[in-house]
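Trainee: I'm new to this one and would like a close look at a single part. Could you walk me through it once it's on the screen?

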Amino acid sequence: MKYIKLLAVLSALCVASFSYAKDARGFYVGVGAGTVELNDLDDSLNGPYEDDSGFTHQVSTKVDGTAIKLIAGYQINRVLAFEAQYTKYGDVNSTDTTNVFGHQVKGTKTILAPEAFSFSLNAGYTFNNGLRPFGILGMSAVDINQSLKLYADDLNPGMRYGVGLEYTPPAMNRLSIRTAYEADMFYLDPKEAIEFEDYILSSVYVSLSYKF
């Protein structure tokens, strides 16, 4: 009798695992929002410079706004998913402070409005309690949408990477909430310099997705 009970328990576990693995498969779409940070690895968007008239300028750059994400993907099993994302990174604003005959003149303008499209492999593991830690690695196309022609091209290739945690409530297994850090590393070809400049646009975000 005890072997029959053990066999029944094992059978139930196998059926439950198979059902959960089957539920893990499918297309999903989502939307998210979060913070934005621009890491200027060469510090080329900040610092002093002198114009042709001999006036000294101090330039500082920061990103304003919220990262907006549109997500679409297909989860193959508990471990792997292929995922495409559109990310709007807000506006990159530059503040130029000029010393004119002992007086400071300050002006701020938007120089970049970056957005990115990425295609990545999402690898993690979906536990039976609905938690799924994951990592993302893939390629991206970053469009900087420059208002001033500082760089040779608007559209530049990049690398998408990140880590996060997703939770799918067992009672609502078509809905998932995610919190993650993701970034695009890319380079730009400045018009006034010989060497390429390296940048990282990153976001810490929360998203909600629905699986079909």
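Trainee: What volume does the largest cavity have, and what can you tell me about its surroundings?

Mentor: Keep in mind that this is a predicted model. The largest cavity has a volume of about 60 Å³, and the structure holds 1 cavity of 30 Å³ or more. Of the 11 residues lining the largest cavity, Leu38, Leu112, Ile144, Phe186 and Leu188 are the closest to its centre. By class, that lining is made up of 11 nonpolar residues, with no polar and no charged ones. Strand 12 and strand 13 each give at least two residues to the lining.

Two of those names come back when you turn to the packing. In the largest nonpolar core, which has 15 residues, Ile144 and Phe186 touch the most other members. Strand 8 (103-112), strand 12 (175-188) and strand 13 (197-211) each supply at least two residues of this core. Another core, of 7 residues, lies apart from it, with Ala81, Ile136, Ala180 and Tyr205 among them.

Now look at Phe186: setting aside neighbours within four places in sequence, its contacts include Val142, Ile144, Pro157 and Leu201.

Asn156 is worth a stop too. You'll find Asn156 in strand 11 (residues 155-167). With a relative accessible area of 7%, Asn156 falls under the 20% cut-off, so it counts as buried. Its side chain reaches the backbone oxygen of Asp154 at 3.0 Å. Again leaving out neighbours within four places in sequence, Asn156 is in contact with residues including Val142, Ile144 and Leu188.

Notes: Residues are numbered from 1 along each chain as its sequence is written. This is a predicted model: local features need pLDDT of at least 70, side-chain atom pairs count only at pLDDT 80 or more; totals for chains, interfaces and linings use all residues. Side-chain values use heavy atoms; hydrogens and water are left out. Helices (H or I, at least four residues) and strands (E, at least two) are DSSP runs, numbered from the N terminus. Buried means under 20% relative accessible area, exposed over 50%, partly exposed in between (1.4 Å probe, protein chains only). A polar contact is a pair of N or O atoms within 3.5 Å; within protein, one must be able to donate a hydrogen and the other to accept it, and residues adjacent in sequence count only if both atoms are side-chain atoms. Contact means heavy atoms within 4.5 Å. A nonpolar core is a set of buried Ala, Val, Leu, Ile, Met, Phe, Trp, Tyr and Cys residues joined through side-chain atoms within 4.5 Å. On a 1 Å grid over the protein atoms alone, a cavity is a set of points where a 1.4 Å probe fits but cannot get out, and a pocket is an open set with protein on both sides within 12 Å along at least five of seven lines; lining residues have an atom within 4 Å of a point. Grid points are joined across faces, edges and corners, and a volume is the space filled by probe spheres set on the points. Ala, Val, Leu, Ile, Met, Phe, Trp, Tyr, Cys and Pro count as nonpolar, Asp, Glu, Lys and Arg as charged, and the others, Gly among them, as polar.
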